Amino acid sequence: MVKLEDIDPSLLPPNLSPTELENLIAAYYYSCDYVSPTCPVTATTLGYYPNRGINIFLSIGFGVALLATLFHGVRTKTWTYSGFVAAGCALELAGYVSRIPLAANPWNKKAFETQIVAIILAPTLLCISIYLTLKHVCLSLNPGLSRVRPRLYPFIFVPLDISCLMVQAIGGALAAGGAVSNIRLVEHGNRAIIAGIVLQVVVLGGFGGVGGEFLYRVGRWVKTGEAGGEVVRLWNDGGFRRFGYAVSGAYLAILLRCIYRIAEMAGGWGNHIMQDEWSFVVLEGIMILIACLLLAFFPPGVLFPQMAARMAAGRKSEKGDVEGQTQTETSSGERRVVVDGNTAEASTGTESEKEKTVPVSSSAVKKEDSI
């Protein structure tokens with residue numbers, strides 16, 4: 001971008017304040033439609049001609065992930081989970097397809113704005129699919145070991161994730177609205193985008209903490225020999241573990257991307273980090289592509305059928321066909337939770353503890369398993 005000190009004052013209207021001068025420069029460059037001596041590529045937000053080949057490669061990758069997600073989602077009927085993954089892949093696909101014409105003309109406003117919106121918002125949808133898995137993992141292993149009722153996880157993390165998306169969207173709208181003639185509005189929009197990404201990192205960190213702590217407790221419980229045979233088989237099942245590793249890998253890739261985004265946006269639009277193409281390609285494009293491919297090719301409907309069955313049971317429960325959970329009680333009064341054939345014992349503690357461990361009504365199952 002042109003620096004204020006590089007401009008000949010005699011070429012400018014007299015008595016301009018610094019803010020008015022910045023707005024004037026912003027308005028001038030917003031009128032640029034193609035690269036020229038007066039509209040150089042270095043004055044664009046990106047500051048470079050995007051690499052056409054890498055953007056075609058990334059577009060193909062996200063397209064493959066989208067098709068694989070739709071295939072497995074329809075085949076296994078994991079509509080909610082697959083829907084969010086597919087939406088995230090579709091947005092990423094739109095974003096990187098939009099970067100392809102930027103390789104010829106970095107001043108292409110429609111392409112630039114499309115890729116900015118799509119690439120910023122897409123990971124939020126991928127996060128929602130990841131948040132949905134924790135509930136089903138808890139219910140299939142031992143709900144009683146979860147610090148929070150498993151059915152509440154989506155109702156906690158999904159709204160928080162949507163809040164992150166909304167804050168970033170508001171920031172993007174402010175930045176776009178001020179791009180023509182109000183540099184301060186652009187800066188406020190940038191701060192809102194940063195706030196949304198920081199909030200997303202905090203939410204991701206909280207999710208990783210509660211999820212990791214639950215799996216740690218389950219691992220210790222299984223080692224004691226107190227877990228039922230079905231739970232042990234699931235815990236040691238190769239498919240279930242591959243699904244867990246895939247979700248964990250996608251989670252870490254998105255977390256790393258969000259941390260990078262904070263650094264990228266902190267210096268404002270057009271800063272030196274934003275104008276470093278290869279850090280963007282690796283820490284944004286490749287990280288999210290890895291997440292999309294892991295979620296697409298390691299689907300729960302294939303590797304974690306208990307999750308798919310519970311989702312189907314939630315839908316069928318409206319017709320009185322609840323298949324996801326049942327409750328049994330032993331002759332000694334000890335309660336057990338049976339989740340898709342996986343049995344976990346629950347202690348005969350206080351009523352609040354029993355309620356936390358064992359859902360007791362089909363209506364509760366219907367509300368909880370439909371997600």
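Helix H2, which spans residues 52-76, gives the most to the nonpolar surface patch, with 3 residues. Helices here (H or I, at least four residues), like strands (E, at least two), are DSSP runs numbered from the N terminus. The model is a predicted one, in which local features need pLDDT of at least 70 and side-chain atom pairs count only at pLDDT 80 or more, while totals for chains, interfaces and linings use all residues. Residues are numbered from 1 along each chain as its sequence is written, and side-chain values use heavy atoms, with hydrogens and water left out.

**The surface patch**

The patch covers about 350 Å² and is made by Ile56, Ile60, Val64 and Phe297. To belong to a patch, a residue must have over 30% relative accessible area and no salt bridge; like charges are joined within 9 Å, and nonpolar side chains (Val, Leu, Ile, Met, Phe, Trp, Tyr) within 5 Å. The accessible areas come from the Shrake-Rupley method with a 1.4 Å probe, and for residues only the protein chains shown count as cover. Val64, whose place is in helix H2, is partly exposed at a relative accessible area of 38%. In these terms, buried means under 20% relative accessible area, exposed means over 50%, and partly exposed lies in between (1.4 Å probe, protein chains only).

**The second largest pocket**

Rolling a probe the size of a water molecule over the atoms shows where empty space is left. The second largest pocket holds about 490 Å³ of space, and of the 18 residues that line this pocket, the closest to its centre are Gly211, Leu215, Gly244, Tyr245 and Ser248. A pocket is an open set of points on a 1 Å grid over the protein atoms alone, where a 1.4 Å probe fits, with protein on both sides within 12 Å along at least five of seven lines; lining residues have an atom within 4 Å of a point. Helix H4 (109-141), helix H6 (183-223) and helix H8 (238-266) each supply at least two residues of this lining, and H8 gives the most, with 8 residues. The lining divides into 11 nonpolar, 6 polar and 1 charged residues.

**Salt bridges**

A salt bridge is a side-chain nitrogen of Lys or Arg within 4 Å of a carboxyl oxygen of Asp or Glu, and by this rule the count comes to 6. Three of them are listed below.

| Pair | Closest N to O |
|---|---|
| Glu213 and Arg147 | 2.9 Å |
| Glu284 and Arg257 | 3.0 Å |
| Glu284 and Arg261 | 2.9 Å |

Glu284 lies in helix H9 and Arg261 in helix H8, and this pair links distant parts of the chain, 23 residues apart. Salt bridges that share partners join Arg257, Arg261, Glu264 and Glu284 into one network. Within this network, Glu284 is buried, with a relative accessible area of 0%, Arg257 is likewise buried at 0%, and Arg261 is buried at 3%.

The salt bridge between Glu213 and Arg147 has its closest N and O atoms 2.9 Å apart. Glu213 lies in helix H6 and Arg147 in the loop between H4 and helix H5 (152-178), so the pair ties together parts that are 66 residues apart in sequence. Glu213 counts as partly exposed at 26% relative accessibility, whereas Arg147 is exposed, with a relative accessible area of 56%.

**A pair distant in sequence**

Helix H6 is also the place of Ala195, which counts as partly exposed at 40% relative accessibility. Ala195 and Ile262 are 67 residues apart in sequence, and their C-alpha atoms are 8.7 Å apart in space.

Conventions:
Grid points are joined across faces, edges and corners, and a volume is the space filled by probe spheres set on the points. Ala, Val, Leu, Ile, Met, Phe, Trp, Tyr, Cys and Pro count as nonpolar, Asp, Glu, Lys and Arg as charged, and the others, Gly among them, as polar.
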